[in-house]
Amino acid sequence: KMDVDGEQPVDHLKVAEELAAEARTFCLRWKSLVALEKRIEKTNTLLQRIEDWQNPNAKRRTKKESIKAMSTLVREANKINLPTPGIRKLLDMHMLIEQWVDRANIAIRSRLSHAEIESLIARGREMPLDLSEYVDKLQHRVLSANLWIAQLKAYVPCPSDGKNEKVDYVSWMREIREAIREDGKGSCHSRLQQLASEGARINAEI
């Protein structure tokens, strides 16, 4: 995004407009000028569409746009190939969202940590696009994991570190082992075994 001298990126639309203005002073309508003017017109139209798309107060805007709509803008921007700050911002956002979708798909197909899935959900909700197709699937995994954790806490209360209410996992595991030892082969032992089996089937690392 920066040139070789570390300066700000060139606004190619502005350069193209300056070239077209200079060419018109020659009082000739070269084919290259006509083609350049068409590219300038397409770029300005695209920039207006991007501005409308990014404007949260746009008329008839009732929900976030889809990934498909953004991909269409990106394809047009790449086809016209007159980068401007607004178009670069769009391309950067598109890349960020593609990276999020890739990670979300990994979380959906395999097992990521409970904390990372929650982080993906939070980031997905902050994105300017409708990512509910992925967020809903991730949320289902988190809800299943949270339900399992709540059931485990019902049998063995979860201690905190006493400072900022973070879970003291070492103490918790110690209390779980103690509960099993004291209960022997009783109901608590059986329920904890059942919970262990259920937890292994949840699509999130808990």
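In the predicted model, helices H4 and H5 meet through a small set of side chains and backbone atoms that can be listed residue by residue. On the H4 side, the residues in contact are Trp100, Arg103, Ala104 and Ala107. Their partners in H5 are Glu116, Ile117, Leu120, Arg123 and Gly124. The axes of H4 and H5 are 11 Å apart and form an angle of about 140 degrees. That angle makes H4 oblique to H5, because the roughly antiparallel class begins only over 145 degrees. The crossing of H4 with H5 is left-handed.

Helix H4 also packs against H6. Here the axes come within 10 Å and cross at roughly 40 degrees. Angles under 35 degrees count as roughly parallel, and H4 and H6 are therefore oblique to each other. Their crossing is left-handed. H4 contributes Trp100, Val101, Ala104, Asn105, Ala107 and Ile108 to the contact, and H6 contributes Tyr134, Val135, Lys137, Leu138 and Arg141. Trp100, Ala104 and Ala107 of H4 thus appear in the contact with H5 and again in the contact with H6.

A further partner of H4 is H3. The axes of H3 and H4 lie 10 Å apart, at an angle of about 135 degrees. With this angle, H3 is oblique to H4. The crossing of this pair, too, is left-handed. From H3, the contact involves Ile67, Met70, Ser71, Leu73, Val74, Ala77 and Asn78. From H4, it involves Ile87, Leu90, Leu91, Met93, His94, Ile97 and Val101. Val101 is listed in the contact with H3 and also in the contact with H6.

One residue of the H3 side, Ala77, can be followed in more detail. Ala77 has a relative accessible area of 5% and is therefore buried, the limit being under 20%. Apart from neighbours within four places in sequence, Ala77 is in contact with Leu46 and Ile87. Ala77 and Ile87 are ten residues apart along the chain, and their C-alpha atoms are separated by 6.9 Å. The loop between H3 and H4 contains Asn81. Asn81 is not a glycine, yet its phi is positive, at about 60 degrees. With a relative accessible area of 48%, Asn81 is partly exposed.

The helices described above also contribute to a nonpolar core. The largest such core has 35 residues, and within it Trp100, Leu131 and Leu138 touch the most other members. Two or more residues each come from helix H1 (12–24), helix H2 (31–54), helix H3 (67–80), helix H4 (85–109), helix H5 (114–126) and helix H6 (132–155). H4 gives the largest share, eight residues. The surroundings of Leu138 illustrate how the core is joined. Beyond its neighbours within four places in sequence, Leu138 is in contact with Trp100, Ala104, Ala107, Ile108, Ile117, Leu120 and Ile121. A second core of ten residues is separate from the one just described, and includes Ala145, Trp172, Ile176 and Ile202.

Two other residues are brought close to distant parts of the sequence, as shown by their C-alpha distances. Gln48, in helix H2, is 38 residues from Gly86 in sequence and 9.9 Å from Gly86 in space. Gln48 has a relative accessible area of 40% and is partly exposed. Cys158 is in the loop between H6 and helix H7 (169–183). Cys158 and Ser171 are 13 residues apart in sequence, with 8.4 Å between their C-alpha atoms. The relative accessibility of Cys158 is 25%, so Cys158 counts as partly exposed.

For the chain as a whole, the model has eight helices and zero strands. Read from the N terminus, the order of elements is α-α-α-α-α-α-α-α. Of the 206 residues, 31% are buried. Among contacts with a separation of 6 or more, 62% join residues 24 or more positions apart. The chain exposes about 13,800 Å², of which carbon and sulfur atoms supply 53%.

Definitions and conventions: Residues numbered from 1 in each chain as written. Predicted model: local features only at pLDDT ≥ 70, side-chain atom pairs only at ≥ 80, totals over all residues. Heavy atoms only, no water. Core = buried A, V, L, I, M, F, W, Y, C linked by side-chain atoms within 4.5 Å. Buried < 20%, exposed > 50% of the residue type's maximum accessible area, 1.4 Å probe, protein only. Helix = DSSP H or I, 4+ residues; strand = E, 2+ residues; numbered from the N terminus. Contact = heavy atoms within 4.5 Å. Areas by Shrake-Rupley, 256 points an atom, 1.4 Å probe, with all protein chains shown as cover. Axes fitted to C-alpha atoms, helices over the stretch in contact; angles between N-to-C directions. Parallel < 35°, antiparallel > 145°, perpendicular 65-115°, else oblique. Left-handed = near helix turned anticlockwise from the far one by under 90°.
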